[in-house]
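Let us take a walk through this protein together. Have the sequence and the 3D view ready, and follow along at your own pace.

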Amino acid sequence: MLRNFDSRRLLEVGFWRFLLHVTLLITIADGLNYEGQLLLELKNSLHDEYNYLGNWKSTDETPCGWIGVNCTLDYEPVVWSLDLNSMNLSGTLSPSIGGLTHLTFLDLSYNGLSGSIPEEIGNCSLLVTLYLNNNQLSGEIPGELGKLSYLRSLNICNNKISGSIPEELGNLSSLDEFVAYTNNLSGPLPPSIGKLQKLRIFRAGQNAISGNIPAEISGCQSLEMLGLAQNNIGGELPKEIGMLRSMTDLILWENQLTGFIPKELGNCTSLETLALYSNGLVGQIPVEIGSLKYLKKLYLYRNDLNGSIPREIGNLSLATEIDFSENYLTGEIPTEFSKIKGLRLLYLFQNQLTGVIPNELSSLRNMTKLDLSINYLTGPIPYGFQYLTQMTQLQLFDNSLSGTIPQQLGIYSPLWVVDFSNNHLTGKIPPYLCRHANLILLNLGANKLYGNIPAGIKSCETLVQLRLVGNRLTGSFPSELCKLVNLSAIELDQNNFSGPVPSEIGYCRKLQRLHIADNQFTFELPKEIGNLSQLVTFNVSSNLLSGRVPPEIVHCKMLQRLDLSHNSFVDTLPDEIGTLSQLEILRLSENKFSGKIPAALGNLSHLTELQMGGNLFSGQIPQELGSLSSLQIAMNLSYNNLTGNIPPELGNLNLLEFLLLNNNHLSGIIPSTFDNLSSLLGCNFSYNNLTGPLPAIPLFQNMPVGSFTENNGLCGRPLQNCMGDTSSPSMLPAKRGARGRIITIVAGVVGGVSMILIVILIYQMRRPPEMVASLPEKELPSPDSDIYFHPREGFTFQDLIEATNNFHESYIVGKGACGTVYKAVMHSGQNIAVKRLASYAEGNNIENSFRAEILTLGKIRHRNIVKLYGFCYHQGSNLLLYEYMEKAVAGSYGYIAPEYAYTMKVTEKCDIYSYGVVLLELLTGKTPVQPIDQGGDLVTYVRHYVREHSLTTGILDDRLNLEDSNTVNHMLTVLKIALICTSMSPFDRPSMREVVMMLLESKEQEDSNSVSSPTYELPLKDNELPLKDNAQESM
């Protein structure tokens, strides 16, 4: 009975369940269908700020009328296309997307989507097109995408996708286009890429892809574009790449490729663009390059190529741009270049080319940009260059060219940049260089040109920079230049110009650099100099100028460098000079200034160098000078008539390296506060009336007696003991005349002998390893034979042994290619860094590194560079003793490039980094060192800002006028250039020449009121061809 009841109960429950399902089916049939529900689920995971998806409603039967949704026209329509691009959508991609199994087209590009790509997309088995580019997607590329056998186009560029390209990519047998540039992809390229026989375009530049290019790539027989620029790909180019006969664009710049350029590349006869620059390629340019008859753009610059340029280069009859610059190419420039009639750009600069510039190049009527600078070229500038009607940029500087400049140059050419500096050119400046009113930069410095500046140059309205330094030019100051509204730099130093500086100089409103040093200018400076509100550097040193310095000069509020030295200026300095808050260098020495030193100079908080020696200043040294917290290079107040005591406040100048107070009438003691001058490298107190004991400063104790001589009462080491015989010669009164000169001569002789000893010391260090190895192994040098440059603190090699427990590994704070850095705590409690370079047994490179560091750091005087205390050679070990920076992050602070902390080599790329920091300072109004919570340094601060806020005006100095859109666009463009200059890797930084060209190009675009930014800023699109000038190639 119970069993029957249970059976009836089960039947009843089943009936109601059946009825419920039927009811649900009827409800679903009357409401939104299944694909619509999946799309609503997708919508729920998105943030639709502008309500673009407002008509996606659950009350509809199908989603076929929704924005972005396309359905088939069947009786039972299904969703085949979903296009939501550029709708400002954010949020994540719901896995529900995988349920849209009829999709053939999916475009979610140009939104703000984040999170990972759902692996469920692999279920959309009919997909032909998948665009996810220009979002914020992260995570790895799901291997499930390999199931999309119909997929032809896959674009995921401009995201944050990481990890390796999956091996499953090789299963996409229909793939025509793979675009993944500007992500965080890493790892090697999968060999399975060779299975993609239909692949035409592969672009994955600006990632961190490593490993070699797989030889299997030869299987991509349809490949037309291979773009892998800006990755970490190494090894040699596989010779199998020569099997890609359909390839038109091979873009591999800025990787770590090594070895030779394979001759098989000559088999890629369809190539139109070949960009292999910024790698480590070696050897000669293969002659087979001449077989690439369709080649238009050939970029091999910034490698280590050597040998001569093959004459087969002339077979590239369709080439428009060829750049072999920044290599080690030798030999002469082939005349066969003249066969390439369409050639517009030829860059061969910074090689080792010799011989003359071929006259045959004059036949290249389409030539626009020619740069042969920084070579060993001789002979004249070809006469025919003056007939090249398309020429805009002609740069031949840093060669040994001779003869005259063709005098009709510019008549037929719309010249933009002309730089012939550092040659042996003679004759006059051609009068027609600005005939077409295009000239921006004219640099003819360091030649032997004579005569006047031509009228055509002085009236060149487009001119921005005029640099004629180091010639034999004559005449008066070219006052006509002051009518040129774009002129920012006039450099006429080291010529024979004469006469007064005219009052018309006040019309040069945009002038930032005015350098007229080492000429014969006379009379007073005009008061109109105060109208130059943009002036940054002003150098009139070594002229015959006289009179008072016009007080109006204090209106030049942007001044950073002011050099009035070696003239005959008289009278007092205006107190208002202390209002020049940006001033970094002030040189007033060797004039006839008188009166008191203005106390207001103490307000110059950015001042790094103060030169006031050789004048008639009187009175006391203002205590306010102790407030010059940035003063580093020198304070020179020598050879004046200063009296009174030395202010103890000068002891606050803890960055100061040279202090010269000699040949005055100073009295009293040398303040004990000078013990705080930890950076001091040299000082001179001689020929004063100072008394009392010298402060017990190690620097003073190791300095020559001549630094303190001719004072009446100084005592203490290195002078005689304060309790000793007062008849010591250093204590006797003496006149400053003949005896002072004798002492100076004697001191000079002693200094000369010291220099000879230093030369011998360096010679000993330069001895080759064989000479050291020739000693018997058991005959070790004694401690007495160690070679020292003693640190001021006076510790010895044995002290270093004890402080590091015989260089135990527990004291290691860093390791580099040439040695190990230890932290040593000396008996005094002072921390120093000891860099122990490897022994001679490791070869000349280590020895050279040791010498190079000593020589380099011995020359550098900068508050942001770690201080070299001394060095020691002991038993085959080279030790460098540095200032220990307790809380440093290596190289991040100030202007120092990151790699300097490890290589200790100052290269051009270090200079580029520093220049980039200067640009960032100018644009942001911030100092190089920032609070730790803001990144610690300006470069990190700016990069964090750009990463979080993109390039917006919020990063710019709010004190500037940011209302003009053209100006703002120009500033943001320069900011991008600054970020390129401050790239973490030195290989990513441009050369200074490229920086100049980028800045000039940005200026040109601003002048033409161009809204768009230069093309080097962003990755190029498919239809854009690369230009070196733009520093960017297809990815």
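We begin with the whole protein and then visit two groups of strands.

This is a predicted model, in which local features need pLDDT of at least 70 and side-chain atom pairs count only at pLDDT 80 or more, while totals for chains, interfaces and linings use all residues. Residues are numbered from 1 along each chain as its sequence is written, and side-chain values use heavy atoms, with hydrogens and water left out.

The protein has 1035 residues, and 51% of them are buried (under 20% relative accessible area with a 1.4 Å probe, counting protein chains only; exposed is over 50%, and partly exposed lies in between). Its secondary structure comes to 13 helices and 59 strands; these are DSSP runs numbered from the N terminus, with at least four residues of type H or I for a helix and at least two of type E for a strand.

Now look for an open sheet of 3 strands, in the order β19-β21-β23, with parallel pairing. Two strands pair if DSSP finds at least two bridges between them. The edge strands, β19 (282-283) and β23 (328-330), each pair on one side only. Between β19 and β21 (residues 304-308) there are 2 bridges, and valine 282 stands opposite aspartate 304.

Further along is β32 (residues 448-451), with Leu449 and Gly451 on its covered face and Lys448 and Tyr450 on the uncovered one. Which strand does β32 join through leucine 449? Here glycine 427 is the residue opposite, and β30 (residues 424-427) runs parallel to β32, joined by 2 bridges. Strand β34 (residues 472-475) also pairs with β32 in the parallel sense over 2 bridges, with leucine 473 as the bridge partner of glycine 451.
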